[in-house]
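Hi,

Here is the structure I promised to pass on. Have a look at it first, then read my notes below.

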Amino acid sequence: MTTTTPPVTLDDVRSAAARIEGVAHRTPVLRSRTLDALVGAEVFLKCENLQRVGAFKFRGAYNAVSRLWPEQLARGVAAYSSGNHAQAVALAARELGTTAVIVMPEDAPPSKRDATAGYGAEIVTYDRYTGDRVAIAEALAAERGLTLIPPYEHPHVIAGQGTAALELVEETGELDALVAPVGGGGLIAGSATAVKGLHPGTRVIGVEPEAGDDTRRSLAAGRRVTVPVPRTIADGQALPTPGELTFSLNRRLLDGVVLVSDDEIRSAMRFAFERLKTVLEPSGATPLAALLGGRVDALPRRVGVILSGGNVDAARFADLCGAPR
């Protein structure tokens, strides 16, 4: 009998952890007795909103860019992203002495666009509802001789993202479940690779916005399913279809995907701000929303949660969560 080696393994995640050590932050794990009481479990919150660039994306971007050959670094890199991967690649490029060109949607949050430019990247915009960001970025990279660093369809990116979960279980020990947001699927694919590689019995639950349940539908169908481009406040998860590489991992590793509404996301953002004293962007709040909304059936005793990002400016936060009275 033959077995197929998966495209990303626990050893790949460990290798990424060694590569990003001292460059990426080892983010804290937050506890809250109030949260534990509300959901009926011990909850361990991995605060990737406190990562460099304000999101977990720096882990994968730096791992991938740092592995390029010197001649590739000399030519520069390209990426496509609604914001967090854009910032991550821009910063990784700057840290490694190269340049970056980023394809971003015209309606990307201004704070994310400004931060990407602030790290020194050139920005090329497109309409997310009519344009094909992958085709635009691939054409641009080919024309300029750049190396394309995709946001999730790359083994080094996935392995880098998995270091967040690896750090979490190194600190907490074995968890009964891990809950994380699902966009293109890189974070949860890397996270599931890490936690199940160490503790096969840990349940891994993904969270998507109700308006964009492409991964949930794909898992149910046993193949990648495309939905209309989601219109949701969770802009980091507004994707029409899961990645091919990430889905190949997630269909094997995930124990399920649950959905949350935009109103539940807003409530989770307010809870994090008021009770946990931490700021989350909408996509970063979806796993917390799933716990607070009772979306995870038979919630076990010890639950890890990845709060994936906190890139939201004050004006948008106030608009989403309600201005102070």
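Lys277 sits in the loop that links α12 and α13; helices here are DSSP runs of H or I with at least four residues, strands are runs of E with at least two, and both are numbered from the N terminus. This is a predicted model, in which local features need pLDDT of at least 70 and side-chain atom pairs count only at pLDDT 80 or more, while totals for chains, interfaces and linings use all residues. Residues are numbered from 1 along each chain as its sequence is written, and side-chain values use heavy atoms, with hydrogens and water left out.

What caught my eye in Lys277 is a positive phi of about 60°, although it is not a glycine. As background, most residues other than glycine have a negative phi. Lys277 counts as exposed because its relative accessibility is 65% (buried means under 20% relative accessible area, exposed over 50%, partly exposed in between, with a 1.4 Å probe and protein chains only). Thr278 belongs to the loop between α12 and α13 too, but Thr278 is buried, with a relative accessible area of 8%. Beyond residues up to four places away in sequence, Thr278 touches Asn49, Ala272 and Phe273, where contact means heavy atoms within 4.5 Å.

Val53 also has a positive phi, about 65°, without being a glycine. Its place is the loop between β2 and α3 (57–65), and at 8% relative accessibility Val53 counts as buried. One of the residues in contact with Val53 is Gln87, which is in helix α5 (residues 84–95). Is Gln87 buried or exposed? It is buried, given a relative accessible area of 3%. Apart from Val53, Gln87 touches Lys112, Ala115, Thr116, Tyr119 and Asn311, again not counting residues up to four places away.

Thr116 turns up once more in the contacts of Ile102, a residue of strand β4 (residues 100–105). Ile102 is buried, at 0% relative accessibility. Leaving aside neighbours within four places in sequence, its other contacts are Ala79, Ala86, Val89, Ala121, Glu122, Ile123 and Val124.

Now the cores. A nonpolar core here is a set of buried Ala, Val, Leu, Ile, Met, Phe, Trp, Tyr and Cys residues joined through side-chain atoms within 4.5 Å. Which residues touch the most other members of the largest one? Out of its 33 residues, those are Leu288 and Val305. Elements giving two or more residues to this core include α2 (33–39), β2 (42–47), α12 (262–274), α13 (282–292) and β10 (302–307). A second, separate core has 30 residues, among them Val29, Leu168, Val195 and Ile306. Back in the largest core, Leu288 is in contact with Val305 itself, and also with Leu35, Ala268, Phe271, Ala272, Leu276, Leu280 and Leu307, neighbours within four places in sequence aside.

Finally, the whole chain. The secondary structure comes to 14 helices and ten strands, and buried residues make up 58% of the 325 residues. Along its principal axes the C-alpha trace spans about 60 × 55 × 40 Å. Among contacts between residues at least 6 apart in sequence, 72% join residues at least 24 apart.

Send me your thoughts once you've been through it.

Cheers
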